[in-house]
Amino acid sequence: MFASIIMILSFFNYESPRYLVKIGHDDKATANLARVRGLPVDDEHVIKEISEIQQQLREEQEATMGQGWLGYLKEMFLMPNNFYRIYLSLFSQLLSQWSGAQSITIYAPDFFALLGTKGQNEKLFATAIFGVVKFVAAIICALFLVDVIGRKRSLGIGIGLQALSMCYVAAFLTAVPQLGEGQVFTSSQKHASTSAIVMIYISGFVWAMGWNSMQYLLNAEIYPLRIRAISSSMVMCFHFVNQYGNSRAVPNMLLPTGIGGLGPAGTFWLFTVITVIGGAWAWFFIPETAGRSLEGMDRLFTLRWWQIGRFGESDADEQVASEEKITDAKYQARETVEQVERV
């Protein structure tokens with residue numbers, strides 16, 4: 001159903017300004033970009049962005065002239081700044097998938113049973129609520145939250161709350177390991193079980209705020225135009241292979257430790273540790289990408305690889321400020337020359 005809706009709506013989309021510039025329809029590209037930005041076609045921001053697109057297209061054509069598929073691979077893996085972008089995308093996919101949120105979605109009835117939800121109808125009802133929570137959270141975070149508070153900040157908050165949620169569930173299953181085997185709750189265990197179920201719902205919401213948004217945004221934004229298609233396609237292949245491996249591994253992880261599994265508690269402790277590692281990794285290595293055009297992403301990756309995550313944003317802002325000063329100086333010089341000529 002959703003694939004059909006997307007296909008139908010695609011016919012009503014405005015064509016990408018980058019594609020229109022590439023085929024020589026600059027006027028239409030400017031009109032489409034102005035419509036997206038909500039600005040007039042002669043606004044300086046629209047003109048500047050179109051100029052950046054034209055400049056990067058010229059650079060792309062010069063760089064890829066006579067270049068075959070081997071040249072693209074060299075550019076992807078042998079140029080340090082491009083290889084760093086691929087590394088960011090691959091590791092964000094790996095750490096997000098193994099943080100546990102997707103596993104909970106796939107095996108939600110089993111996890112709710114572990115936390116004390118009895119009966120098939122009750123488990124399915126809890127699973128349906130969880131699906132609605134994740135769906136609504138994904139829409140809210142993608143459309144209204146991630147770009148407002150900043151993507152890296154959103155990711156940090158999401159990962160932090162997700163780690164707390166996973167840690168609580170892991171601690172609960174450690175304290176009451178026999179749940180799911182017909183045990184009758186005490187009053188305190190009942191309250192703790194309800195809190196653990198609430199933590200599962202919270203983890204679904206903050207997953208949408210954190211990794212779920214960032215793993216796709218990074219892959220869509222950070223590559224140069226000339227290698228964007230092949231790089232993002234490769235990473236998405238890894239995404240689905242990794243997702244498949246994760247879904248196959250979780251049932252074995254839930255097995256008792258005596259027969260080679262981690263047990264329910266061990267599985268959630270593993271999710272907690274991976275989530276914490278992912279948060280630390282994201283703080284050190286992922287730069288803030290909000291508010292930058294696709295052409296402006298290159299400025300984030302001019303530093304050494306260990307500096308990009310913490311200082312890439314400020315360095316890129318300094319580059320923009322420097323370029324604007326040079327542009328203003330050129331404009332003032334041109335104005336001065338024109339005034340002298342008129343005199």
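Modeller: Let's start with a definition: a salt bridge is a side-chain nitrogen of Lys or Arg within 4 Å of a carboxyl oxygen of Asp or Glu. Please keep in mind that this is a predicted model.

Colleague: Thanks! How many salt bridges does that rule give here?

Modeller: The count comes to four. One of them joins D298 and R85, whose closest N and O atoms are 3.0 Å apart. D298 sits in the loop between α14 and α15, while R85 belongs to helix α6 (residues 80-97), so this pair ties together parts that are 213 residues apart in sequence.

Colleague: Is R85 buried or exposed? And how does D298 count?

Modeller: For that we need the cut-offs: buried means under 20% relative accessible area, exposed over 50%, and partly exposed in between. R85 has a relative accessible area of 0%, so it is buried. D298 counts as partly exposed because its relative accessibility is 29%.

Colleague: Which residue forms a salt bridge with E52?

Modeller: That is R299, with the closest N and O atoms 3.7 Å apart. This pair also links distant parts of the chain, as R299 is in the loop between α14 (263-285) and α15 and E52 is in helix α4, 247 residues apart. R299 counts as buried because its relative accessibility is 17%.

Colleague: What about R151, which residue does it pair with?

Modeller: R151 forms a salt bridge with E221, and here the closest N and O atoms are 2.3 Å apart. Helix α10 (residues 151-175) holds R151 and helix α12 (residues 211-221) holds E221, with the two positions 70 residues apart in numbering. Both R151 and E221 are buried.

Colleague: Now to pockets. How do you find empty space in a model?

Modeller: Rolling a probe the size of a water molecule over the atoms shows where empty space is left. In this model, the largest pocket holds about 1300 Å³ of space. It is lined by 31 residues, and the closest to its centre are K48, E49, E52, S293 and R299. You have already met two of these, since E52 and R299 form a salt bridge.

Colleague: Which element gives the most to that lining?

Modeller: Helix α4 does, with 10 residues. The elements giving two or more residues to the lining are α2 (17-22), α3 (26-37), α4 (44-64) and α15 (305-342).

Colleague: How does the lining of the largest pocket divide by class?

Modeller: It has 15 charged, nine polar and seven nonpolar residues.

Colleague: And how much space lies in the second largest pocket?

Modeller: About 210 Å³. Its lining includes R18, Y19, I53, L57 and R228. Two or more residues come from each of α2, α4 and α13 (225-253), and α2 gives the most, with four. By class, this lining has six nonpolar, four charged and no polar residues.

Colleague: What about the outside: which residues make a nonpolar surface patch?

Modeller: M1, F2, I5, I6, M7, I8, L9, F11 and F12 make a patch of about 1100 Å². M1 lies in the segment before α1 (2-10), and it counts as exposed because its relative accessibility is 69%.

Colleague: To finish, how many helices and strands does the chain have?

Modeller: It has 15 helices and zero strands. The C-alpha trace spans about 95 × 40 × 35 Å along its principal axes, and 41% of the 343 residues count as buried.

How values were computed: Residues numbered from 1 in each chain as written. Predicted model: local features only at pLDDT ≥ 70, side-chain atom pairs only at ≥ 80, totals over all residues. Heavy atoms only, no water. 1 Å grid on protein atoms, 1.4 Å probe; cavity = no way out; pocket = protein on both sides within 12 Å on 5 of 7 lines; lining within 4 Å. Points joined across faces, edges and corners; volume = space filled by probe spheres on them. Nonpolar A, V, L, I, M, F, W, Y, C, P; charged D, E, K, R; others polar. Patch = residues over 30% accessible without salt bridge, like charges linked within 9 Å, V, L, I, M, F, W, Y side chains within 5 Å. Areas by Shrake-Rupley, 256 points an atom, 1.4 Å probe, with all protein chains shown as cover. Buried < 20%, exposed > 50% of the residue type's maximum accessible area, 1.4 Å probe, protein only.
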